[in-house]
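Colleague: I should like to learn how to read aromatic contacts and pockets in a model. Could you take me through an example?

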Amino acid sequence: MAATEQTFDSLLTEDRAFPPPAEFAARANANDASIYARADADPEAYWADWSRRLHWFQPWDRVLDWQPPYAKWFVGGKLNAAYNCLDRHVEAGRGSRTALLWEGEPGDTRAYTYSDLHREVGRAANALKQMGVEKGDRVAIYLPMIPEAAIAMLACARIGAAHSVVFGGFSAESLRDRIRDAQAKVLITGDGGYRRGGVVPLKRAADEAVDEEGGCPSIQHVLVVRRHGAEGETVGGAQMKEGRDLWWHDVVEGASPDCPAEAMDSEDLLYILYTSGTTGKPKGIMHTTGGYLTQCLATTNLVFDLKDDDVYWCTADVGWVTGHSYIVYGPLANGATVLMYEGAPDAPDRGRFWKIVQDYGVTIFYTAPTAIRAFMKWGTEWPAKYDLSTLRLLGTVGEPINPEAWIWYHLNIGGGRCPIVDTWWQTETGAMMITPLPGITETVPGSATTPFPGIRADILSLKGECIPTGGGFLAIRRPWPSMLRGIWGDPQRFVDTYWSKWSGETVGSGEDGQPGESVYFPGDGAKRDERGYFWVIGRIDDVLNVAGHRIGTMEVESALVDHPSVAEAAVVGKAHELKGQAVAAFVTLKEGTEATEALKQELTEHVVRKIGAIARPDAILFAGDLPKTRSGKIMRRLLKDIAEGRALGDTTTLADPGVVARLKDEYEARGEG
Ligand code: ATP
Ligand code: MG
């Protein structure tokens, strides 16, 4: 079918399907498919049930107040997120359970029970109070992946200050922008963190952020965790500034562990978090307390199927939303044992992750497609060296996963026995939205399958018509508890970005479309197959338009990754006189594969065979690396600049600007531009 301007072509088909293993399903937290119908019939009652598992200082009196696009969940309720992650378990006699297992990159380890963590959070909370932090203030956190990162977040939550965590790999300038935007009063950082054997000089970057180019006048104190240096010295020549800078071990370790948890309104701000910046300038996404915690609790419980004997490891950094919802709030609200690792997957060698799985007996493992593609590139010999038999469930998040990468993960990490949960969600949604339930859902590689119970997702045309099967714009049709409450300091951008794709009148032809219904637009293109499964096929901004066919990037990339020589691929549309756009492909080969002209030809034919002549790449460039954000996502808009011979656009959110500069040189040297 030729797509009109309203919709997208659907090219890729996938026949492999994986029902939940019987043994897994028998023990699963969710194994009765009627949960979907029940939640759908009365979503407010469904979410209310989950909210009752939390501890409320004062019960709410109304589930939802929906004044599109503004939602209030659990209206009138008072609770505290840190209390729910810690005190609730300690009071239930579960204080001696392990809450956090931590391993540093150099191999040092720490372990915290729920009682330990409760004490440390109380101390840090009192220290923040002594530094003048009050309910309603913002605190910036710029730390490596060390336990203090989680402790600092929970300490803020305990006293009702909102945290704004900034990924430790960000530059001083990015940190400065985020501190200024949020007007943070205190910055919590470290003297350095370990990464691939080296030390990231965080304090130096923090000083640069706070002191240079106008600095950050809102900052009153900088609290510094000693991770690396000896007493009195810090990494990279950074010094402690008298009066402003305080050592964590001086002020936290001596503070009282008793700090009452503030009773926060359900709608009080829990945190601000800036998006990854894949498409442009990051947005300060606001999350509040009651609804956010409820959906984190529910999704972690059902999607990760947490049990008392599980050791759960999410490899994300706390600087991203995944680290917020699925290292800290969701798992701790569930009383889980969480593993946290500081460093790189290839330090000291490419077996590090698998050694950690073996050493700790990890049972649930959650990572990103970018990591899985790196593992594929490195080869199967690394995981094969370790005993991964404790694993029982795998997860992925962050980008569409190419079916071949899914299969690789399934076979080489999951031993062919672990269900995979491909979870679609975003910083803005706060928690998972489209995902399998591992005891119920038959999974299909590349598809995030169906909306979580209580969530209503849809595929709409540009006009707002429901597309029952086929490709279009992904849409969320009713409010959900962990939805963003706004963009910090920019209410208009909130309305324009997420709530203005379809006007109320046009969205009315869906299953239950009410005239005037407000629909959330996440910015992704997706398709729905015959069985109702969702496939995210790429960002709307990245869609290709070849001879009138609108094609999502994921399908062409997946056809390339399907070839046994390919580890990773990115495709972009490049202006073409006749077709409108032609497909340009950037391809990373598995290690040990030779990059030849013949292979290019073979890959071109492979794409045509797999998904059709319409997607035939006009140009293929072999690339050692692809330009990625600091969270590891492919940045296609820069590849488009290269393919069209333009000057490169904004590269500030790139992990390594050198990658794209090198690719540009290569591309031009080959006369492909
Ligand atoms: P920005 O919004 O600043 O451009 P970003 O969208 O990369 O950055 P995040 O909120 O970290 O910021 O990422 C969410 C996006 O990641 C989703 O909108 C989607 O494009 C992609 N994504 C996440 N999980 C999945 C998944 N399981 N399948 C497909 N895509 C996914
Ligand atoms: Mg986004």
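**Aromatic pairs and a pocket**

Modeller: In this predicted model, Phe473 and Trp502 are both buried.

Colleague: How are the planes of Phe473 and Trp502 arranged, and which parts of the chain does the pair tie together?

Modeller: Planes over 60 degrees apart count as edge-to-face. Phe473 and Trp502 form such an edge-to-face pair, with 75° between the planes and 6.4 Å centre to centre. Phe473 belongs to strand S22 and Trp502 to the loop between helix H16 and strand S24, so the pair ties together parts 29 residues apart in sequence.

Colleague: Why is the pair of Tyr498 and Tyr520 stacked?

Modeller: Planes under 30 degrees apart count as stacked. The planes of Tyr498 and Tyr520 lie at 15°, with ring centres 5.5 Å apart, so this pair is stacked. Tyr498 is in helix H16 and Tyr520 in the loop between H16 and S24, 22 residues apart. Tyr498 is buried at 2% relative accessibility, and Tyr520 is buried at 0%.

Colleague: Which charged end sits over the ring of Trp382?

Modeller: That of Lys385, 3.9 Å from the ring centre. Likewise, the charged end of Arg531 sits over the ring of Tyr533, 4.4 Å from its centre.

Colleague: How does one find empty space, and what lines the second largest pocket?

Modeller: Rolling a probe the size of a water molecule over the atoms reveals where space is left empty. The second largest pocket holds about 420 Å³. Its lining has 23 residues, with Ser174, Asp177, Arg178, Lys281 and Pro282 nearest the centre. Helix H7 supplies the largest share, 5 residues. By class, 10 lining residues are charged, 7 polar and 6 nonpolar.

Note on methods: Residues are numbered from 1 along each chain as its sequence is written. Chains are lettered from A and ligands numbered from 1 in the order in which they are written. This is a predicted model: local features need pLDDT of at least 70, side-chain atom pairs count only at pLDDT 80 or more; totals for chains, interfaces and linings use all residues. Side-chain values use heavy atoms; hydrogens and water are left out. On a 1 Å grid over the protein atoms alone, a cavity is a set of points where a 1.4 Å probe fits but cannot get out, and a pocket is an open set with protein on both sides within 12 Å along at least five of seven lines; lining residues have an atom within 4 Å of a point. Grid points are joined across faces, edges and corners, and a volume is the space filled by probe spheres set on the points. Helices (H or I, at least four residues) and strands (E, at least two) are DSSP runs, numbered from the N terminus. Ala, Val, Leu, Ile, Met, Phe, Trp, Tyr, Cys and Pro count as nonpolar, Asp, Glu, Lys and Arg as charged, and the others, Gly among them, as polar. Rings of Phe, Tyr and Trp (its six-membered ring) pair if their centres lie within 6.5 Å; planes under 30 degrees apart count as stacked, over 60 as edge-to-face and the rest as tilted. Buried means under 20% relative accessible area, exposed over 50%, partly exposed in between (1.4 Å probe, protein chains only). A charge sits over a ring if NZ of Lys or CZ of Arg is within 6 Å of the ring centre and within 35 degrees of the ring normal.
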